[in-house]
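User: I'm new to reading protein models and would like to know how the labels are earned. Could you take me through a few?

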Amino acid sequence: MIAAGNLLDHAQGELFIADAAYDANSLRERLASEGRTAVIRPNPTRKDPPDYDRHLYKERHLVEIYFNRIKHFRRVATRYDKLAETFLGFVLIASSWLWLC
């Protein structure tokens, strides 16, 4: 959970939405102490799984679908652009293309 801790050091917001790989009591306790809500699907091997908001968790799936579709653009998937501004520009163009089609 070292990577999750580093992520939380820089994250903003009241919700932390993640998949079952981030299901750890220490992470849930840290989120609760910071006043954040953990929307983490429990690992299926847990004996006493905690509750989570299933509707909010489905919103996470929509974001994953978007990233999957945008990676079909070769220029985004391989990151040909050297500058962050030009990469962001093409991500916006690709997003517009997906929205229109």
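User: What makes the charged end of Arg79 count as sitting over the ring of Phe87?

Analyst: Happy to help! Keep in mind that this is a predicted model. The charged end of Arg79 is 4.3 Å from the centre of the Phe87 ring. The label asks for a distance within 6 Å, and for a position within 35 degrees of the ring normal. Arg79 is listed as sitting over the ring.

User: Why is the pair of Phe16 and Tyr22 called edge-to-face?

Analyst: A search of the whole structure finds four aromatic pairs. In the pair of Phe16 and Tyr22, the ring centres are 6.2 Å apart and the planes meet at 85°. Centres must lie within 6.5 Å, and planes over 60 degrees apart count as edge-to-face, so this pair earns the name.

User: How do you know whether Phe16 and Tyr22 are buried or exposed?

Analyst: Buried means under 20% relative accessible area, and exposed means over 50%. Phe16 has 8%, so Phe16 is buried. Tyr22 has 29%, so Tyr22 falls in between and is partly exposed.

User: What about Asp81: why is Asp81 called buried or exposed?

Analyst: Asp81 lies in the loop between α4 and α5. Its relative accessibility is 13%, under the 20% limit, so Asp81 counts as buried.

User: What makes the link between the side chains of Asp81 and Arg75 a polar contact?

Analyst: The two side chains come to 2.9 Å, and the cut-off for such N or O pairs is within 3.5 Å. Asp81 also touches other residues, including Phe87 and Phe90.

Definitions and conventions
Residues numbered from 1 in each chain as written. Predicted model: local features only at pLDDT ≥ 70, side-chain atom pairs only at ≥ 80, totals over all residues. Heavy atoms only, no water. Phe/Tyr/Trp six-rings, centres within 6.5 Å; stacked < 30°, edge-to-face > 60°. Buried < 20%, exposed > 50% of the residue type's maximum accessible area, 1.4 Å probe, protein only. Helix = DSSP H or I, 4+ residues; strand = E, 2+ residues; numbered from the N terminus. Polar contact = N/O pair within 3.5 Å; in protein donor to acceptor, adjacent residues only side chain to side chain. Contact = heavy atoms within 4.5 Å. Lists of a residue's contacts leave out its neighbours within four places in sequence.
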